[in-house]
Every structure is written in structure tokens, then in C-alpha cells.
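Here are a few friendly notes to help you find your way around. Please keep the model open as you read, and look up each residue as it comes along.

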Amino acid sequence: MKIRVYDTYEQMSRAAADLITAQLLIKPNSRLGLTAGSTPIGMFAELVKLYREGSVSFNEAWLYNLEEKSGLPRMDEQTCRSYFHRHLLDHVDGRDDHLILPDSQAIDLKAESARYEEILTSLPDGRLDMQVLGIGSDAHIGMNRPNQTLEPRCHPESRESGMYIAMGVGTILQSERIVLLANGESKAQAVADMCGNKITTMVPASLLQLHADVTILLDKPAASKL
Ligand code: GLP
């Protein structure tokens with residue numbers, strides 16, 4: 001794992017945006033796996049700036065996500081689809097028909113999970129070109145929380161906030177490159193455990209140690225226990 005530590009959240013966000021920009025320069029029609037949450041908001045803001053400067057285009061890019069919330073209209077403010085519109089698509093030249101998420105209106109969540117898995121495994125190169133991840137303070141990635149066993153493939157997840165369709169760890173690890181962002185002291189222990197000397201499903205992010213191309217971008221507080 002390559003670990004880079006930045007003085008500020010803004011610098012970390014800029015570095016993440018630069019990696020995505022470089023990916024899109026090399027391969028404009030990249031398949032990018034994204035993550036929602038608060039961590040990548042700065043990265044999306046930097047990408048919007050880079051777009052306005054003419055440094056990046058999303059016109060040919062394909063965007064995917066780690067999960068989608070169920071039981072809601074597609075553009076409900078709680079869906080990941082609406083999140084990606086708010087933070088990125090509404091401000092750049094990306095295309096809604098290239099934003100590929102599980103269907104928030106699907107009734108049969110198992111069938112919808114299988115459909116999304118099929119989409120991800122039948123990509124032109126057989127995998128996402130790049131997956132951006134955040135990390136939970138319990139070291140979960142995507143919606144895969146610490147457990148004796150983890151789901152390898154797309155699956156329904158139940159939370160207090162509702163039902164979701166979520167990518168499994170196997171599919172996440174299949175991505176060609178992985179970029180993980182973490183900021184703030186509340187993530188410091190999870191970051192230390194992720195990079196520690198044990199790989200265990202009780203620390204889902206530690207499975208990233210099995211991947212050949214992982215870049216971890218941290219601000220100073222998130223790196224404070226390394
Ligand atoms: C949720 C998401 C994860 C995200 C995590 C951290 O569980 N499913 O993909 O990494 O929260 O969120 P935040 O960036 O808001 O701290």
C-alpha cells in the first residue's frame with residue numbers, strides 16, 4: 001500500500017482529484033467506482049475546479065458506486081444518484097446515463113444485487129479501472145462492516161436508516177487500482193488497523209493489503225496512529 005500524508009483535508013482532496021484527473025487523461029472512458037459520504041466531498045469540489053479550468057472532462061467517463069439506498073425515487077435526496085448529481089454531475093460535463101448504480105426502486109433486492117454484480121463483472125476490462133473508497137471508524141469499506149465472514153459480491157444490506165444494495169469486498173478488490181481517502185482523528189485507529197500486521201475480516205479495510213495497487217491518501221490527524 002502506498003501511503004501519502006497531507007497537512008490538510010484540502011490538500012488530500014486535491015491529491016485525490018489529481019489522481020482521478022490523471023486516470024481520465026490516460027483513459028477518458030475509464031470506469032470509475034466512487035464513494036458517497038462526507039470524506040470525498042472536498043475531492044468532488046476539486047474535480048469541479050479542475051473541470052472549470054479545462055483540466056479534466058467527464059464526458060466519456062463511466063461512474064459507479066459502492067451502494068445505493070432502496071425504496072426511494074431515483075432522485076430522492078437520500079439516494080447516491082442524487083448525491084453524485086449534487087457534488088459532481090450537475091457541475092461538470094458528466095452524463096447521467098453513464099452513472100450506473102443499483103436501482104433504488106427495485107422491489108426484489110436480491111435480484112437487483114445480482115443484476116448490479118453482473119454489470120460490474122461484465123465490464124469491458126472485466127473490472128473497474130479505479131475504485132475510490134472512504135473508511136468507517138470501525139474500518140468498514142463500502143457497507144462491509146467487521147464480521148466473521150464478509151460478502152464477496154453485491155448483496156442487500158439492512159441498516160437503521162433503511163435497506164441498501166451494496167458492493168461486496170470481492171468486487172471491490174477486483175478493481176484495477178484502489179484509492180482510499182481518510183481524514184480526521186476519528187479515522188486514525190481504523191487507518192492504523194488497516195495498515196497493521198494482521199489481515200482479518202474484523203478489519204475489512206485490512207483486506208486491501210492483498211491488493212497490488214492501493215494508494216491511501218490521509219490528512220495528518222487520520223495518520224496520527226500510524
Ligand atoms: C458509509 C459508506 C462508506 C463510507 C463511510 C464513511 O458507511 N457506505 O462508503 O466510506 O460511510 O463515511 P464518511 O466519509 O462520511 O466518514
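1. Which residues line the largest cavity? In this predicted model, the lining is made up of Leu120, Leu123, Gly126, Arg127, Leu128, Thr171, Gln174 and Ser175. By class, that gives three nonpolar residues, four polar ones and one charged one. The volume enclosed is about 40 Å³, and a search of the whole structure turns up one cavity of 30 Å³ or more.

2. Ser175, one of the residues lining that cavity, is a good stepping stone to histidine 211. The backbone oxygen of serine 175 lies 2.6 Å from a polar atom of the histidine 211 side chain. Histidine 211 itself is found in the loop between helix H6 (188-194) and strand S10 (214-219). Is histidine 211 buried or exposed? It counts as buried, because its relative accessibility is 13%, and the cut-off for buried is under 20%. Leaving aside neighbours within four places in sequence, histidine 211 is in contact with Leu173, Ser175, Glu176, Arg177 and Ile178.

3. Now please turn to the largest pocket, which has a volume of about 470 Å³. It is lined by 24 residues, and those closest to its centre are Ala36, Gly37, Glu67, His140 and Gly142. Two elements give two or more residues to this lining: strand S4 (67-69) and helix H3 (80-87). The lining residues divide into nine nonpolar, 10 polar and five charged.

4. The ligand deserves a look of its own. Around it you will find Thr35, Gly37, Ser38, Thr39, Leu66, Glu67, Gly134, Ile135, His140, Gly142, Met143 and Lys187. Gly37, Glu67, His140 and Gly142, from this group, are also among the residues closest to the centre of the largest pocket.

5. Which polar atoms come close to the ligand? A side-chain N or O atom of threonine 39 is 2.5 Å from a ligand oxygen. The side chain of lysine 187 likewise has an N or O atom 2.8 Å from an oxygen of the ligand. With glycine 142, a backbone N or O atom is involved, lying 3.0 Å from a ligand nitrogen.

6. Last comes serine 70, which sits in the loop between S4 and H3, the two elements named above for the pocket lining. Serine 70 counts as buried because its relative accessibility is 12%. Apart from neighbours within four places in sequence, serine 70 is in contact with Ser104, Leu109, Met163, Tyr164 and Ile165.

Note on methods:
Residues numbered from 1 in each chain as written. Predicted model: local features only at pLDDT ≥ 70, side-chain atom pairs only at ≥ 80, totals over all residues. Heavy atoms only, no water. 1 Å grid on protein atoms, 1.4 Å probe; cavity = no way out; pocket = protein on both sides within 12 Å on 5 of 7 lines; lining within 4 Å. Points joined across faces, edges and corners; volume = space filled by probe spheres on them. Helix = DSSP H or I, 4+ residues; strand = E, 2+ residues; numbered from the N terminus. Nonpolar A, V, L, I, M, F, W, Y, C, P; charged D, E, K, R; others polar. Buried < 20%, exposed > 50% of the residue type's maximum accessible area, 1.4 Å probe, protein only. Contact = heavy atoms within 4.5 Å. Near = heavy atom within 4 Å. Polar contact = N/O pair within 3.5 Å; in protein donor to acceptor, adjacent residues only side chain to side chain.
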